[in-house]
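Reader: I am in my first year, and I would like a close look at one part of this model, with the terms explained as they come up.

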There are 2 protein chains.
Amino acid sequence: MRNFVFHNPTKIIFGVDTTEEVGKESKNYGKRILLVIGQGSVKKIGLYDRVVKLLKEEGLEIFELEGVKPNPRVDLVRKGINMVRENNIDLLLAVGGGSVIDTAKAIAAGLTYEGDVWDLFKYRKPIKPTIPIGVVLTLAATGSEMNGNAVISNLETQEKLAISSPYIYPKFSILDPKNTASVPLNHTLYGIVDILSHVFEQYFDRVDDAILQDRFAEAIMKTVIETTPKIIKNPEDLNARTTILWCGTNALNGIIGVGKEQDWATHAIEHAISAIYDIPHGLGLAIVFPHWMKYVSDVIPHKFANFARNVWGITGDDDFEVGLKSIERLIDFYESIGVPTKLSKVGINDEKLEEMAEKATQFGPIGNTKKLAKEDVYKILQMCL
Amino acid sequence: MRNFVFHNPTKIIFGVDTTEEVGKESKNYGKRILLVIGQGSVKKIGLYDRVVKLLKEEGLEIFELEGVKPNPRVDLVRKGINMVRENNIDLLLAVGGGSVIDTAKAIAAGLTYEGDVWDLFKYRKPIKPTIPIGVVLTLAATGSEMNGNAVISNLETQEKLAISSPYIYPKFSILDPKNTASVPLNHTLYGIVDILSHVFEQYFDRVDDAILQDRFAEAIMKTVIETTPKIIKNPEDLNARTTILWCGTNALNGIIGVGKEQDWATHAIEHAISAIYDIPHGLGLAIVFPHWMKYVSDVIPHKFANFARNVWGITGDDDFEVGLKSIERLIDFYESIGVPTKLSKVGINDEKLEEMAEKATQFGPIGNTKKLAKEDVYKILQMCL
């Protein structure tokens, strides 16, 4: 396996009713808090009131940036940076899912950069030390609660790009399964696709001797696949929510990815789709991943065979054949939980495939398992139709 | 599963030749370094010279505490505390295995306590913020390179006790598989038993719904069991050494233990044995664990059945029966790699069983899976004869 550095300093506070800790925990970082929230769902479920009450009980002063959308926008990030500057904010507190956390991270990163924050994404300018971020998570999906990544969309340029830095790991993340239990079922399922997709990006690569990491990855996949039907049956099943929540965090906190080459082409392709069509990230991933798998499975047939045998329990001697079956099983699984796996099913036709392929490869060929040039991405998108 | 806090800020620098980083990494913490080492093996393998050279290249000033023994002694800890005070040390740099790391941790803990350091162990006095610790690991075993635990022996009182604190996590740990490849085979194997034993302590408890953690635990156990014969065949197999090394760290960095009740009775029993007879910790664990398992398996037969089916591939419908078979398989495995599983085989007779049982339960009944009073421990020790 490859040499690596693993350094994940985020403090995870996990469990039912751990939301109660938010005031005391936030207080460790100062007095002036910028609450970053979405479009009102945290208000509907009562979480907003609870957090505000807990912060006030500790004597903290609250400022508010509301309106983060799925596929969060750089415009709001810019607004947030101004608010932090004008109000001398000590801590960014993201209460929501990945979009809200990523907005807070982008604000933090942009704050200590002298130019426009989009430069950090577009021109990969270096990110500097900045103010702390805290999280109260409401959706098991992106893993952003325990890593240094953020993905932001720019509607003007129709781009969706990522940054990564040790300075934007949350200082603490409160993972209270109760807060995830009120997420609508379709978004819960897109979150689950996101979790599985993170595992796929790290698992299906050309590093064969990261045995423990791959077994950890299989553990997450098996657990997610067996737990999802329980959530569909009863969306308020707190045990199942707890399990999925912890799977989501571990899918992208580094533990299954260290020492691996990893791929990440599918995420780049999906970002190109949702930058143009604004579909949920998880939905886009459910569409692209099985087709990417078909396109690359001949490069690492043994990996797909492991996926087939160790995750799905598919038997058979021929690695390539059982590997193909595993991809079909994944498609069946997504369809069975009501998540489509074709662009046509979400109203996207072949009109902008070229543009998407161009966008996905704007920094050069993508992925590692098979280096994908623009033409490869175009072919995969055609398979997705 | 139980609510938990997971916060593991240790920076892991992993891979072949990462030892080269020790100078640059140490420099981040100051100028004056107290090197903590064992009884000369790091000098024999050339690691000592290499580390000293790298530290000097960064202009660091080196002080030295040599002579840490397996089952490290509180006497040397006291000497180390004095050295740190007299020389204004900025960083404790442990170069060695768990004993050396634990000595450094105990020095750090004792440094900011006004009384004698043994009070922290014996009377569980609170541990305060202290100076940083760095690690260059030479043995895959204790997991001490990525946690806040330390175990120290007191020859005078014939006690072996543990402390645990967020303040004594190493700031960084360099895990270079090459440094583990020169460890003699018997000590490598005791280390492997230690790794498996850490997994057992966390896996065999009464929490049934920490599904991901238990699958992670099974991943470590399977990987260790299948990799050990490769090391016996070729002790210099760097791939196998790499795999075992990363398993050892993950076995006790929190990732498989969060949300679990855990047990830890077997460690307390082993500490009582090695406090009196000074046998290697891993050897003691190989002797006690199978017998502890037999004594408690009726409380959690389904857990032993999971162990049997998911780790050993044992088939069968009756949980209790397949569970018993898994214990026999573990004994066979230990015997097959040349590690004894009986006290009589290491020259210990029934003379001091009573004293050991007394020592192991000095703070009250031990373990959680089955609460073990002195009489229970005595019975388990008899089974170990």
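**Where the parts meet**

Author: Of the interface residues of chain B, 100% are also interface residues in chain A, so the copies meet through the same surface; two residues are in contact if their C-beta atoms, placed from the backbone, lie within 7 Å. This is a predicted model, in which local features need pLDDT of at least 70 and side-chain atom pairs count only at pLDDT 80 or more, while totals for chains, interfaces and linings use all residues. Residues are numbered from 1 along each chain as its sequence is written, and chains are lettered from A and ligands numbered from 1 in the order in which they are written.

A turn of 180 degrees with a shift of 0.0 Å along the axis lays chain B on chain A with an RMSD of 0.0 Å, where copies are superposed by least squares on the C-alpha atoms of residues with pLDDT of at least 70 in both. That is the relation of a two-fold axis. Of the residues of chain B, B:Pro9 comes closest to this rotation axis, with its C-alpha at 2.1 Å.

Within chain A there is another meeting of parts, between domain 1 (11–179) and domain 2 (184–384), whose bounds come from an automatic or database domain assignment. Their C-alpha centres lie 26 Å apart, and the contact between them takes 20 residues from domain 1 of chain A and 26 residues from domain 2 of chain A.
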